[in-house]
Amino acid sequence: MTEPTPRTASGLPLVEISGGPRERGIAYGEAARDQIVAAMGFYERAFTQQTGLSWGGVLDRARGWLDPCRSFDADMVTEMEGIAEGAGVDLLDIMALNVRGEIIYDSSFRTMPAATETDDRDSSDGCTSFALAEGASGDGHVYAGQNWDWRHGTTDTILMLRVVQPPKPTLIMQVEAGQVGRHGANSAGIALNANGLGGRFGSAVGVPQTLIRRRVLDSARLSDALNVLVKTRAHIASNALLTHESGFAIDVETTPGPCQWMYPDDEGLLVHGNHYQAGIPPQLAESYRPLATDSLIRVPRARRGLDAVREARSPEQVRAAVHAAMSDHLGHPESLCTHPDPAAPEVRRWSTLLSSLVDLTSGEYRVTAGNPCENAYELMPWNLYDGPGSRS
């Protein structure tokens, strides 16, 4: 009989996997079976309401991603096969959970006479990411994190995943159940925080975001992680903020076309939301409008709040300052700390599913189970630098 999945004090499932790709996948699927079934149920409702696709239609679309994903990283598809086996579902169910944004993006692109910003937002996570790089924190540590905003209906599908996979770095990530990658950090001292950007770049097939993000976090060197972002043709536009334990940080606005980038300010602070901040791609220049107008509020509010971290003199004071900053409610409910809008359809209600704060100096990984205004940062039971693939 399978043992119950461990949980944090606040109830977040904790899943730890190791071994080869298939072995890791089976362990993942067995541990997260209930959350995977819940995710499938939510996206079946969401796809039906937003695109008119039945779940069978979604799986038909997912089938078309098998070969491109295998070509990009066969081990990740093998891991998905293991997840499906462990959870007692089909590989296409797991593939659909990993390419859900790309399928929504393609469906609205194909079926709408003129794709709207609402359609773009439906396919993209809304998040506010930050790096407290060299000089930004008064305690001298390097931090990275974000408020992860997505569909409120996926709340019960979120879990914390630790992947031990020598010789690659060990990973800690927050993911939707069944996904092989999203946001997190690794034992090589690299953190990845990501945000949707939106915009239409044509219909050529690119690589899904879950696979790109996992490949970034599989990187043992910062230059390799950056190479993944710059050299991979993504299917949809997404922002990636890389932070390194050395105090270096860079933000890359990746698209199926050009990439643009930016660095922290002179004080070491870098914040990014869901609009292009390094520059508007030429393909969008004539008609670009932000994916989410609340991003224009969230970014300066986060910057203002995180400025206080420079005055913190201990990790405890840093956490308090970050917690206060990421709990900001200007523009509520679509504020930095996002709450569901009761006026929106159920499948389109957004909330901050989780706020993360990773200390890349000490290796401590903290998250809130839900809105930061209502929940404290909770220390995960794993340190980034424990186990195989660590900097030590």
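What follows is a walk through one predicted model, from a helix and its surroundings to salt bridges, aromatic rings and cis peptide bonds. Because the model is predicted, local features need pLDDT of at least 70 and side-chain atom pairs count only at pLDDT 80 or more, while totals for chains, interfaces and linings use all residues. Residues are numbered from 1 along each chain as its sequence is written, and side-chain values use heavy atoms, with hydrogens and water left out.

A good place to begin is helix 11, which runs over residues 295–306; helices (H or I, at least four residues) and strands (E, at least two) are DSSP runs, numbered from the N terminus. Helix 11 has 12 residues and reaches 16 Å from its first C-alpha to its last, close to the expected 16 Å, where the expected span is 1.5 Å times one less than the number of residues. Within helix 11, the residues S295, R298, V299, A302 and L306 are buried, a word that stands for under 20% relative accessible area, whereas exposed stands for over 50% and partly exposed for what lies in between (1.4 Å probe, protein chains only). Seen down the axis of helix 11, its buried residues fall within an arc of 95 degrees, so they line one face of the helix; the arc is that of the directions from the helix axis to the C-beta atoms. An α-helix has 3.6 residues a turn, so residues three or four places apart point the same way. The cover over the buried residues of helix 11 includes strand 2 (126–132), strand 3 (143–151), strand 11 (269–272) and helix 12 (315–326), with contact taken as heavy atoms within 4.5 Å.

Helix 11 also holds R304, which is exposed, with a relative accessible area of 61%. R304 and A325 are 21 residues apart in sequence, and their C-alpha atoms are 7.8 Å apart in space.

Strand 3, one of the elements that cover helix 11, contains R151, which counts as buried because its relative accessibility is 0%. The side chain of R151 makes a polar contact with the side chain of Q50 at 2.7 Å; a polar contact is a pair of N or O atoms within 3.5 Å, where within protein one must be able to donate a hydrogen and the other to accept it, and residues adjacent in sequence count only if both atoms are side-chain atoms.

Charged side chains come next. The structure holds 20 salt bridges, each a side-chain nitrogen of Lys or Arg within 4 Å of a carboxyl oxygen of Asp or Glu. In one of them, the side chains of R24 and E79 meet at 2.9 Å, N to O. R24 lies in helix 1 (residues 21–31) and E79 in helix 5 (residues 74–87), so the pair ties together parts that are 55 residues apart in sequence. Both R24 and E79 are buried, and they belong to a network of salt bridges that links R24, E79, K168, R214 and D218.

Another salt bridge brings together the side chains of R45 and E346, at 4.0 Å from N to O. R45 lies in helix 2 (residues 33–51) and E346 in the loop between helix 12 and strand 12 (350–359), so this pair ties together parts that are 301 residues apart in sequence. R45 is partly exposed, with a relative accessible area of 40%, and E346 is partly exposed, with a value of 36%.

Aromatic rings give a further view of helix 2. The structure holds six aromatic pairs, in which rings of Phe, Tyr and Trp (its six-membered ring) have centres within 6.5 Å, with planes under 30 degrees apart counted as stacked, over 60 as edge-to-face and the rest as tilted. The rings of Y43 and F47 have their centres 6.4 Å apart and their planes at 55 degrees, so the pair is tilted. Y43 and F47 are four residues apart in helix 2 and are therefore separated by about one helical turn, and both are buried. The aromatic pair of W150 and W350 is edge-to-face, at 5.4 Å centre to centre and 85 degrees between the planes. This pair links distant parts of the chain, with W150 in strand 3 and W350 in strand 12, 200 residues apart, and both W150 and W350 are buried.

Two peptide bonds complete the tour. A cis peptide bond joins P166 and P167, with omega about 10 degrees, and P167 has its place in the loop between strand 4 (158–164) and strand 5 (171–176). The peptide bond from H332 to P333 is cis, with omega near 10 degrees, and P333 is found in the loop between helix 12 and strand 12.
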